[in-house]
Amino acid sequence: MSGPQLILVVEDEASIASFVSLYLKNAGYDVRAVPTGGAALNQVAAELPSLIILDLNLPDMDGIEICRRIRKSSDVPILMLTARDEDVDKIIGLEVGADDYLTKPFNPRELVARVKSVLRRSAPERRRDESREIRHGDLVINAGRREVFVGEDEIQLAPKEFDLLWELLDHRGLVLTRDQLLERVWGYTFAGDTRTVDVHVRQIRRKLGDASPIVTVWGVGYKVASERSSPAPAA
C-alpha cells in the first residue's frame, strides 16, 4: 500500500503554515511547507506533491505567476489562499488553473474538507470515460483529451471551467442549482460559497462567446440551452 499523500503548503506567514500543516498531518497527509514561490517551484520539480496549497501573496512572486508556471508542466490540484475577497475573481476566473480557493481567515477544518474533496475529484478512478465526447451545435468537448472546440478553433479552458461545462452538458434538459454544481464539480457544498460557480460560468461564456450553451435560470441556477436557441445574457 502506498504511503500518505504529500501536500505542499506555500505560505510565508509562519503561524498560518504551522496550523495548516498540523491539521493536514492530523488528517493523515504528509506535509512540506515552504515560505516562497521559488522554494515551491524547486520542491515541485524535486517531488511532485498530490496537492498544493498556495498563498496568493508571497514575498518573491505572486501565486498567480507560480500557478501559471506549474500548469506548464503539471495538472496537480492547486488550492489558493487569499487575504482579500476581491482577489477571488483573479484566482478562479483567469486561465491560471487553480482548482479551488479559500479567503483568510478560514476554518482549518473547512480547508481539510476541501483538500479531501479536491483529491477525491482528481483521483484516477473518478476520471471520466476517455472515449466520451459531447457535441452541442458548433461546440465539441472531449473528456479524455480534455479538449474543447468551437468549429475548428480550440478553446483553452481552466480545469474547473472544463469540468463545469461538461457537467452542464452532461445534464442537458435539467436545471442544476449552484449548490448542486458545487457538489458535483468541486465535491463540496458550503453555504454562501456559490460565487465560485458564477465566476466560472462568466469565464466560460467569455471564452466560448456565441457558442456558450449556458443559460441562467434566475433564482435557481444554470442549464444548457437547446441547440436552436440563443444563450441568455451573462449574469
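Which residues of the largest nonpolar core touch the most other members? I took this as my opening entry, working from a predicted model.

**Entry 1: the cores**

I found that Ile141, Val148, Leu164, Leu165 and Leu168 touch the most other members of the largest nonpolar core, which has 25 residues. I then looked up the elements that give two or more residues to this core, and they are strand S7 (139-142), H6, helix H7 (178-186), helix H8 (195-208) and strand S12 (221-224). I noted H6 in particular, since the largest share of this core, six residues, comes from that helix.

I next listed the surroundings of leucine 165, leaving aside its neighbours within four places in sequence. I recorded contacts of leucine 165 with Leu139, Ile141, Val148, Leu157, Ile204, Leu208, Pro213 and Ile214. I also noted another core lying apart from the largest one; this other core has 20 residues, including Ala40, Leu54, Ile70 and Val76.

**Entry 2: aromatic pairs**

How many aromatic pairs does the structure hold? I found two.

The pair of phenylalanine 19 and phenylalanine 106 is tilted, with 6.0 Å centre to centre and 45° between the planes. I placed phenylalanine 19 in helix H1 (residues 14-26) and phenylalanine 106 in the loop between strand S5 (100-103) and helix H5 (108-122), so this pair ties together parts that are 87 residues apart in sequence. I checked the accessibility of each partner. Phenylalanine 19 counts as partly exposed because its relative accessibility is 29%, whereas phenylalanine 106, at 12%, counts as buried.

I entered phenylalanine 162 and tryptophan 166 as a stacked pair, 6.5 Å centre to centre and with 15° between the planes. These two residues are four apart in helix H6 (residues 159-170), so about one helical turn separates them. I recorded both phenylalanine 162 and tryptophan 166 as buried.

**Entry 3: salt bridges**

I turned to charged side chains. Side chains of opposite charge can pair when their charged atoms come close. My count for this structure is 18 salt bridges, and I looked up some of them individually.

Arginine 114 and aspartate 100 meet through their side chains at 3.2 Å, N to O. I located arginine 114 in helix H5 and aspartate 100 in strand S5, so the bridge ties together parts that are 14 residues apart in sequence. Are arginine 114 and aspartate 100 buried or exposed? I found both arginine 114 and aspartate 100 buried.

I noted a further salt bridge between the side chains of glutamate 133 and arginine 135, at 3.3 Å, N to O. Glutamate 133 is partly exposed, with a relative accessible area of 35%, and arginine 135 is exposed, with 53%.

I then looked up aspartate 163 and arginine 146, whose side chains form a salt bridge at 3.0 Å, N to O. Aspartate 163 lies in helix H6, while arginine 146 lies in the loop between S7 and strand S8 (147-150), so the pair ties together parts that are 17 residues apart in sequence. I recorded aspartate 163 as buried because its relative accessible area is 13%, and arginine 146 as partly exposed because its relative accessible area is 39%.

Which residues do salt bridges with shared partners join into one network? I listed Arg71, Asp99, Arg146, Lys160 and Asp163.

**Entry 4: helix H6 in review**

I collected what I had noted on helix H6. This helix gives six residues to the largest core, holds phenylalanine 162 and tryptophan 166, and carries aspartate 163.

Key:
Residues numbered from 1 in each chain as written. Predicted model: local features only at pLDDT ≥ 70, side-chain atom pairs only at ≥ 80, totals over all residues. Heavy atoms only, no water. Phe/Tyr/Trp six-rings, centres within 6.5 Å; stacked < 30°, edge-to-face > 60°. Buried < 20%, exposed > 50% of the residue type's maximum accessible area, 1.4 Å probe, protein only. Core = buried A, V, L, I, M, F, W, Y, C linked by side-chain atoms within 4.5 Å. Contact = heavy atoms within 4.5 Å. Salt bridge = Lys/Arg side-chain N within 4 Å of Asp/Glu carboxyl O.
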